[in-house]
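Reader: Got a minute to go through this one with me? Put it up and let's start with the charged residues.

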Amino acid sequence: MMSLLVDGQPVDTLEDDSESVTVEIDGDGPTHRCGACGDELIETADGRWLGESSGADCPDADPDDGEPAAGGHVPQAVPLSWCNHAGVATDDAEDSVTVHISVGDPRGAFTFTVRRVPDDADSVLAGRLLLHVPSPDAPGGHRPLTPLHDGTYLIGS
């Protein structure tokens, strides 16, 4: 049985025997907002930021503050705008739990799996837990991975 918590509070699921939980995040939302006026921003091909309702000029900017972008918007990344899908799936047949995280690449998601080797397996690993993680040389990877140090990767190029 799996429990689902949102902000620390239990959420009822439709079925008591749910095998997976998926969080869908609206991938069509804004990636940036103006730190001054809060307007949703879109970056132009030439690197300028346009506000959804205010164009290139931020209504809350101080044009006399001496900054090079004075009068323009102050772009700030919207938290979690990089993530368009996150999910957890359990598999009784494989005795495993898998976490999927998609960062907007159409090829799929990063997948992390913990599974138990069956107790009766003809292996020294019988009954032990294994962790399977993405690696830079894995075929069909979600996005390129560049190792920074053991267990940490830069995602993308």
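Author: Sure. Keep in mind that this is a predicted model. A good place to begin is aspartate 95, which is partly exposed because its relative accessible area is 35%.

Reader: OK, which residue does aspartate 95 form a salt bridge with?

Author: With arginine 116; the closest N and O atoms of that pair are 2.6 Å apart. The pair ties together distant parts of the chain, since aspartate 95 sits in the loop between β8 and β9 while arginine 116 is in strand β10, 21 residues apart.

Reader: And arginine 116, how does it count by relative accessibility?

Author: Arginine 116 has 32% relative accessibility, so it counts as partly exposed.

Reader: Which aspartate forms a salt bridge with arginine 116 at 3.3 Å?

Author: That's aspartate 119, with 3.3 Å between the closest N and O atoms. Aspartate 119 is exposed, because its relative accessible area is 56% and the cut-off for exposed is over 50%. Through shared partners, the salt bridges join Asp95, Arg116 and Asp119 into one network.

Reader: How many salt bridges does the count come to?

Author: The count comes to 4. One of them is between aspartate 46 and arginine 48, where the closest N and O atoms are 3.5 Å apart.

Reader: Are aspartate 46 and arginine 48 buried or exposed?

Author: Aspartate 46 is exposed, because its relative accessible area is 56%. Arginine 48 is at 45%, so it counts as partly exposed.

Reader: Back to that loop with aspartate 95. What do β8 and β9 form?

Author: A hairpin, with 4 residues between the two strands. Aspartate 95 is in the turn and has a positive phi of about 50°. Strands β8 (residues 85-91) and β9 (residues 96-102) run antiparallel and are joined by 7 bridges.

Reader: Which residue stands opposite histidine 85?

Author: Serine 102, in β9.

Reader: What about threonine 98, where does that lie?

Author: Threonine 98 lies in strand β9 too. With 12% relative accessibility, threonine 98 counts as buried, because the cut-off for buried is under 20%. The side chain of threonine 98 has a polar contact of 3.0 Å with the side chain of threonine 113.

Reader: Switching topic: what's the strand order in the open sheet?

Author: The order is β6-β5-β4-β7, so you have 4 strands, with antiparallel pairing. At the edges are β6 (49-51) and β7 (75-77), each pairing on one side only. From one strand to the next, the twist averages 45°.

Reader: How many bridges do β5 and β6 pair over?

Author: 3 bridges, in the antiparallel sense, with β5 covering residues 40-43. Glutamate 43 stands opposite tryptophan 49 in β6.

Reader: Last topic, the nonpolar surface patch. Which residues make it?

Author: Phe112, Val114, Leu129, Leu131 and Val133, and the patch is about 460 Å². Strands β10 (110-116) and β11 (129-132) each supply at least two of the patch residues.

Reader: Where does phenylalanine 112 lie, and how does it count by accessibility?

Author: Phenylalanine 112 lies in strand β10. At 31% relative accessibility, it counts as partly exposed. Patch residues need over 30% relative accessible area.

Reader: And is there a general rule on side chains in a regular strand that I should keep in mind while looking?

Author: In a regular strand, side chains alternate between the two faces of the sheet.

Definitions and conventions
Residues numbered from 1 in each chain as written. Predicted model: local features only at pLDDT ≥ 70, side-chain atom pairs only at ≥ 80, totals over all residues. Heavy atoms only, no water. Patch = residues over 30% accessible without salt bridge, like charges linked within 9 Å, V, L, I, M, F, W, Y side chains within 5 Å. Areas by Shrake-Rupley, 256 points an atom, 1.4 Å probe, with all protein chains shown as cover. Salt bridge = Lys/Arg side-chain N within 4 Å of Asp/Glu carboxyl O. Buried < 20%, exposed > 50% of the residue type's maximum accessible area, 1.4 Å probe, protein only. Axes fitted to C-alpha atoms, helices over the stretch in contact; angles between N-to-C directions. Polar contact = N/O pair within 3.5 Å; in protein donor to acceptor, adjacent residues only side chain to side chain.
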